[in-house]
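Here is a short tour of one protein model. Look at the sequence and the structure, then read on.

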Amino acid sequence: MTLTLEYLGDGRVARWTLSPNGVAREIHEEYHPTLFVGDSVSDLYGRSGGPNPTPPSRDGLSDVLRDLRSFLDGQAAVERLSVEPHRQTFRTDARPLHRIDAASIDTV
């Protein structure tokens, strides 16, 4: 179980975990922060929010996310750009989101 991540200031990250023998520290030389970007709340829930939201069904990226992808593609700060299905909230089904792996912590 990960307890925390520690930025070491030189691009490396230490991952502190809880193990059966106590606490362990593991250094990651090639760490890339990951950000997930999805639709805005109004697009996610549609006009009917509350306990039973009814977002519009969608298999691909929304227009806004496609525009964002076009903007981010080729940026020096972006190591990898992909699309993954995830639930943005507990009350909605998985939908395509952007997974943005940044080139470094400093670029975030």
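The report below goes from the overall layout to the sheets, the salt bridges and a few single residues.

## Overall layout

This is a predicted model. The protein chain has 108 residues. It holds 2 helices and 6 strands. Starting at the N terminus, the elements follow the order β-β-β-β-α-α-β-β. Of the residues, 22% count as buried.

## The sheet of β1, β2 and β3

One open sheet has 3 strands, in the order β1-β2-β3. Their pairing is antiparallel. Strands β1 and β3 (22-28) stand at the edges. Each has a single partner strand, so one side of each has no neighbour in the sheet. From one strand to the next, the twist averages 20 degrees.

Strand β1 covers residues 2-7. Strand β2 covers residues 13-19. The two run antiparallel and are joined by 5 bridges. One residue pair to look for is Leu5 and its bridge partner in β2, Arg15.

## The sheet of β4, β6 and β5

Another open sheet of 3 strands has the order β4-β6-β5. Here too the pairing is antiparallel. Which strands stand at the edges? They are β4 (34-37) and β5 (78-86). Each pairs with a single strand, so one of its sides is left without a neighbour in the sheet. The twist averages 25 degrees from one strand to the next.

Strand β6 spans residues 95-102. It pairs with β4 in the antiparallel sense, over 4 bridges. Within that strand, His98 is the bridge partner of Val37.

## Salt bridges

How many salt bridges does a search of the whole structure find? The count is 8. Three of them are described here, with a network after that.

Asp10 and Arg12 meet through their side chains in a salt bridge, at 3.0 Å from N to O. Asp10 counts as partly exposed, because its relative accessibility is 49%. Arg12 is also partly exposed, with a relative accessible area of 26%.

Asp63 forms a salt bridge with Arg66. The closest N and O atoms are 2.2 Å apart. Both residues lie in helix α2 (residues 63-72). They are 3 residues apart, about one turn of the helix. Asp63 is exposed, because its relative accessible area is 54% and the cut-off for exposed is over 50%. Arg66, at 43% relative accessibility, counts as partly exposed.

## A link between β5 and β6

The side chains of Asp101 and Arg80 meet in a salt bridge of 3.4 Å, N to O. This pair links distant parts of the chain. Asp101 is in strand β6 and Arg80 is in strand β5, 21 residues apart. Is Asp101 buried or exposed? Asp101 is buried, with a relative accessible area of 3%. Arg80 is partly exposed, with a relative accessible area of 43%.

These two residues also belong to a network of salt bridges. Arg80, Glu84, Arg99 and Asp101 are linked in it.

## A nonpolar surface patch

Which residues form a nonpolar patch on the surface? They are Met1, Leu3, Leu18 and Val23. Together they have about 420 Å² of accessible area.

Met1 sits in the segment before β1. It is exposed, because its relative accessible area is 67% and exposed means over 50%.

## Two loop residues

Asp39 is in the loop between β4 and α1 (41-45). Is Asp39 buried or exposed? Asp39 is buried, because its relative accessible area is 8% and the limit for buried is under 20%. Its side chain makes a polar contact with the side chain of Ser62, at 2.7 Å.

Ala94 lies in another loop, between β5 and β6. It is partly exposed, with a relative accessible area of 46%. How far apart are Ala94 and Asp59, in sequence and in space? They are separated by 35 residues in sequence, and by 9.7 Å in space, C-alpha to C-alpha.

Notes:
Residues numbered from 1 in each chain as written. Predicted model: local features only at pLDDT ≥ 70, side-chain atom pairs only at ≥ 80, totals over all residues. Heavy atoms only, no water. Pairing = 2+ DSSP bridges. Axes fitted to C-alpha atoms, helices over the stretch in contact; angles between N-to-C directions. Patch = residues over 30% accessible without salt bridge, like charges linked within 9 Å, V, L, I, M, F, W, Y side chains within 5 Å. Areas by Shrake-Rupley, 256 points an atom, 1.4 Å probe, with all protein chains shown as cover. Salt bridge = Lys/Arg side-chain N within 4 Å of Asp/Glu carboxyl O. Buried < 20%, exposed > 50% of the residue type's maximum accessible area, 1.4 Å probe, protein only. Polar contact = N/O pair within 3.5 Å; in protein donor to acceptor, adjacent residues only side chain to side chain.
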